[in-house]
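Dear colleague,

Please find the structure below, handed over for your study. A written account of what was found in it follows directly after.

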Amino acid sequence: DQDNFDLNNPEDRSFVIQRVLKMGGDKNKFLLILENMFSIKEIKQCANGSMEIMGNEIIEALCKRYNMKPEQFPYYIDNIEQYFYAKE
């Protein structure tokens, strides 16, 4: 049945991890819970190339926490200030 959620299913695991990672605000408590449920390696694998995680602030915080590079995230905007000023 498709309505059953199963953390033994890799797709369901990835879903949970990406949803927690994309949350904004003070999410340290949620990341700690996530890290108790899943390995750092699995968290980084789900984050890498995720189309769910948006916003430079969130991406930069995740990069710092998990020793990743912003370029691993499709929605990271390099030199965001220049990006906005070029649009004017």
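**Salt bridges and their surroundings**

Lys22 has a relative accessibility of 35%, and it therefore counts as partly exposed. The model in which this residue is described is a predicted one. The side chain of Lys22 meets that of Glu52 in a salt bridge, with 3.5 Å from N to O. Lys22 belongs to the loop between H1 and H2, while Glu52 belongs to the loop between H3 and H4, so this pair ties together parts that are 30 residues apart in sequence. Through salt bridges that share partners, Arg19, Lys22 and Glu52 are joined into one network.

The other link in this network is the salt bridge between the side chains of Glu52 and Arg19, at 3.6 Å from N to O. Here Arg19 sits in helix H1 and Glu52 in the loop between H3 and helix H4 (56-66), so the pair ties together parts that are 33 residues apart in sequence. Are these two residues buried or exposed, or something in between? Glu52 counts as partly exposed because its relative accessibility is 28%. Arg19 is partly exposed as well, its relative accessible area being 28%.

In total, the count comes to four salt bridges. Another of them is formed by Arg13 with Glu42, where the closest N and O atoms are 2.8 Å apart. Arg13 is part of helix H1 and Glu42 is part of helix H3 (residues 40-47), so this salt bridge ties together parts that are 29 residues apart in sequence. With a relative accessible area of 18%, Glu42 is buried, because the cut-off for a buried residue is under 20%. Leaving aside neighbours within four places in sequence, Glu42 is in contact with Arg13 and Ile17.

**How the helices pack**

Two packed helices are described by the angle between their axes and the distance between the axes. Both values are given here for two pairs of helices, beginning with H1 and H2.

Helix H1 (residues 10-21) and helix H2 (residues 28-37) pack at an angle of about 160 degrees, and their axes are 10 Å apart. H1 is therefore roughly antiparallel to H2, since angles over 145 degrees count as such. The crossing in which H1 passes H2 is left-handed. On the H1 side, the contact is made by Arg13, Val16, Ile17, Val20 and Leu21, and on the H2 side by Phe30, Leu31, Leu34 and Met37. Of the residues in this contact of H1 with H2, eight are nonpolar, none is polar and one is charged.

What angle do the axes of H1 and H3 make where they cross? They cross at roughly 80 degrees and come within 9 Å. This makes H1 roughly perpendicular to H3, because that description covers angles of 65 to 115 degrees. From H1, the residues making the contact are Arg13, Ser14, Ile17, Gln18 and Leu21; from H3, they are Glu42, Ile43, Cys46 and Ala47. Sorted by class, the contact of H1 with H3 has five nonpolar, two polar and two charged residues. Arg13 and Glu42, named in this contact, are also the partners of the salt bridge with 2.8 Å between the closest N and O atoms.

**Two further residues**

Tyr66 is found in helix H4. Tyr66 is buried, with a relative accessible area of 5%. Which residues is Tyr66 in contact with, leaving aside its neighbours within four places in sequence? They are Leu21, Leu31, Glu35, Ile40, Ile43 and Lys44. For Tyr66 and Lys44, the separation is 22 residues in sequence and 7.0 Å in space, from C-alpha to C-alpha.

Asn67 lies in the loop between H4 and helix H5 (80-87). Asn67 counts as exposed, because its relative accessibility is 68%. Most residues other than glycine have a negative phi. In Asn67, however, phi is near 55 degrees, a positive value in a residue other than glycine.

When you look through the structure, you may wish to begin with the network of Arg19, Lys22 and Glu52, and then turn to the contact of H1 with H2 and that of H1 with H3.

Yours sincerely,

A colleague

Methods: Residues are numbered from 1 along each chain as its sequence is written. This is a predicted model: local features need pLDDT of at least 70, side-chain atom pairs count only at pLDDT 80 or more; totals for chains, interfaces and linings use all residues. Side-chain values use heavy atoms; hydrogens and water are left out. Axes are lines fitted to C-alpha atoms, for helices over the stretch in contact, and angles run from 0 to 180 degrees between N-to-C directions. Helices (H or I, at least four residues) and strands (E, at least two) are DSSP runs, numbered from the N terminus. Angles under 35 degrees count as roughly parallel, over 145 as roughly antiparallel, 65 to 115 as roughly perpendicular and the rest as oblique. A crossing is left-handed if the near helix is turned anticlockwise from the far one by less than a right angle, and right-handed if clockwise. Contact means heavy atoms within 4.5 Å. Ala, Val, Leu, Ile, Met, Phe, Trp, Tyr, Cys and Pro count as nonpolar, Asp, Glu, Lys and Arg as charged, and the others, Gly among them, as polar. Buried means under 20% relative accessible area, exposed over 50%, partly exposed in between (1.4 Å probe, protein chains only).
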